[in-house]
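Please open the model in your viewer and keep the selection tool at hand. The stops below are arranged so that each selection leads on to the next.

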Amino acid sequence: MGLLDDRIVLVNGGSQGVGAAIARAAAREGAAVAVTGRRPEPGEALVAELTALGSKAMFVRADLADAEQAKTSVAEVVAAYGRVDCLVNSAGLTSRGTLLDTTPELFDQHIAINLRAPFFAMQAAVADMVARESPGTVVNIITSSAHGGQAFLAPYVAAKAGLIGLTRNAAHAHRWDRVRINGLNIGWTATEGEDATQRAFHGAGDDWREEAAARLPMGKLGQPDEIADFVVLLLSDRSGVVTGSVIDWDQNVLGGLD
């Protein structure tokens, strides 16, 4: 449909999982895409895949836990493409910790990746949009767990709940600049990162996806490509004037009881 024709889309944490799916979907809709990640191998492989399909793409190596690298990732894309029209913050840290066993170091890691990195990436991207007096869009990938979550996700929930507040605050602050900023609270999703997490922290076997799907209302985990299509809609003009919205993209209903 060409929903993102001639747009420059930066996907932070875009070398795998949901981020990579968003990069692919944005490229299919006509965007030039930049993805960031810590490891060059998956990022460069994704860029090669998109380039082979005729899309313009680049990889920026960045450790988003470093606020300066979160900002310079935007600067590198502006230097290469001239601007950033759309930003997606999809990087996430999901390592486990409860209120009682979370160390200050673990807490700081979650704040750095799940809250501080989106803050400073948005700062740099929105500054570019405002300087050019041009509209833009931002989508923050958050989590349905930000509503409360499991006991073993205490630092993750704290950081992601902060990202909900940041999303709304930034959307309010920049609505007159025609910069639309929204968030997506995704539920349990089938990604490479989730597979590693289930195996590392919960002793999951090769069939954990099937077992998990059987316990879910729709009979499947969230799919990255489906999330990606929704994100593309939010990035595009087809989502109209919507800003400051944090949408629950999940099959469990907040407040619903059995």
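Select glycine 30 to begin, and look just after helix 1, where this glycine takes a positive phi of about 100 degrees. Please bear in mind throughout the tour that this is a predicted model.

From there, step back to helix 1 itself, which covers residues 17–28. Its twelve residues should span 16 Å at 1.5 Å a residue, and because the end C-alpha atoms lie 17 Å apart, the expected and the computed lengths agree. Is this helix enclosed by the rest of the structure, or is it open to the outside? Ten of its twelve residues are buried, so helix 1 is largely enclosed by the rest of the structure. To see them, select Gly17, Val18, Gly19, Ala20, Ala21, Ile22, Ala23, Ala25, Ala26 and Ala27, which are the buried residues in this helix.

Keep alanine 25 selected, since this residue of helix 1 has a relative accessibility of 2% and therefore counts as buried. If you now add serine 90, which is 65 residues away along the chain, the C-alpha atoms of alanine 25 and serine 90 turn out to be separated by 14 Å.

Next, switch to a cartoon view and colour the strands. Seven of them form an open sheet in the order 3-2-1-4-5-6-7, with parallel pairing. At its edges are strand 3 (57–61) and strand 7 (246–249), each of which pairs on one side only. Going from one strand to the next, the twist averages 20 degrees.

Within this sheet, select strand 1 (residues 8–12) together with strand 2, which pair in the parallel sense over four bridges. One pair to pick out is valine 11 and its bridge partner in strand 2, valine 35. Strand 2 (residues 32–37) is mostly covered, with six of its six residues buried. Showing its side chains makes the two directions visible: Ala32, Ala34 and Thr36 point one way, while Val33, Val35 and Gly37 point the other way, and all are buried.

Move along to strand 4 (residues 86–89) and strand 5 (residues 136–141), which run parallel and are joined by four bridges. Two facing pairs can be selected here: leucine 87 stands opposite valine 138 in strand 5, and asparagine 89 stands opposite asparagine 140 in that strand. Which residues of strand 5 are buried on each of its faces? On one side they are Gly136, Val138 and Asn140, and on the other Thr137, Val139 and Ile141, so that both faces are covered.

Asparagine 89 also leads to the next stop, the lining of the largest cavity. The structure holds one cavity of 30 Å³ or more, and about 30 Å³ of space lies in the largest cavity. Select Leu64, Asn89, Ser90, Ala91, Ile113, Ala117 and Pro118 to display its lining; Ser90 is the serine that was paired with alanine 25 in the distance given earlier. Five of these lining residues are nonpolar and two are polar, with no charged residue present. The largest share of the lining, three residues, comes from helix 4 (residues 104–131).

Stay with helix 4 and turn to the second largest pocket, which has a volume of about 150 Å³. Its lining can be selected as Phe119, Met122, Gln123, Val126, Ala127, Leu166, Asn169, Ala170, Ala173, His174 and Ile181. Which helix gives the most to this lining? Helix 4 does, with five residues, while helix 4 and helix 5 (154–173) each supply at least two residues. By class, the lining of this pocket has eight nonpolar, three polar and no charged residues.

For the last stop, select glycine 187, which sits in the loop between strand 6 (179–186) and helix 6 (192–202). Its relative accessibility is 15%, and because buried means under 20%, glycine 187 counts as buried. Adding glycine 219, 32 residues away along the chain, shows a pair of C-alpha atoms separated by 13 Å.

Terms used: Residues numbered from 1 in each chain as written. Predicted model: local features only at pLDDT ≥ 70, side-chain atom pairs only at ≥ 80, totals over all residues. Heavy atoms only, no water. 1 Å grid on protein atoms, 1.4 Å probe; cavity = no way out; pocket = protein on both sides within 12 Å on 5 of 7 lines; lining within 4 Å. Points joined across faces, edges and corners; volume = space filled by probe spheres on them. Nonpolar A, V, L, I, M, F, W, Y, C, P; charged D, E, K, R; others polar. Expected span 1.5 Å × (residues − 1). Buried < 20%, exposed > 50% of the residue type's maximum accessible area, 1.4 Å probe, protein only. Pairing = 2+ DSSP bridges. Axes fitted to C-alpha atoms, helices over the stretch in contact; angles between N-to-C directions.
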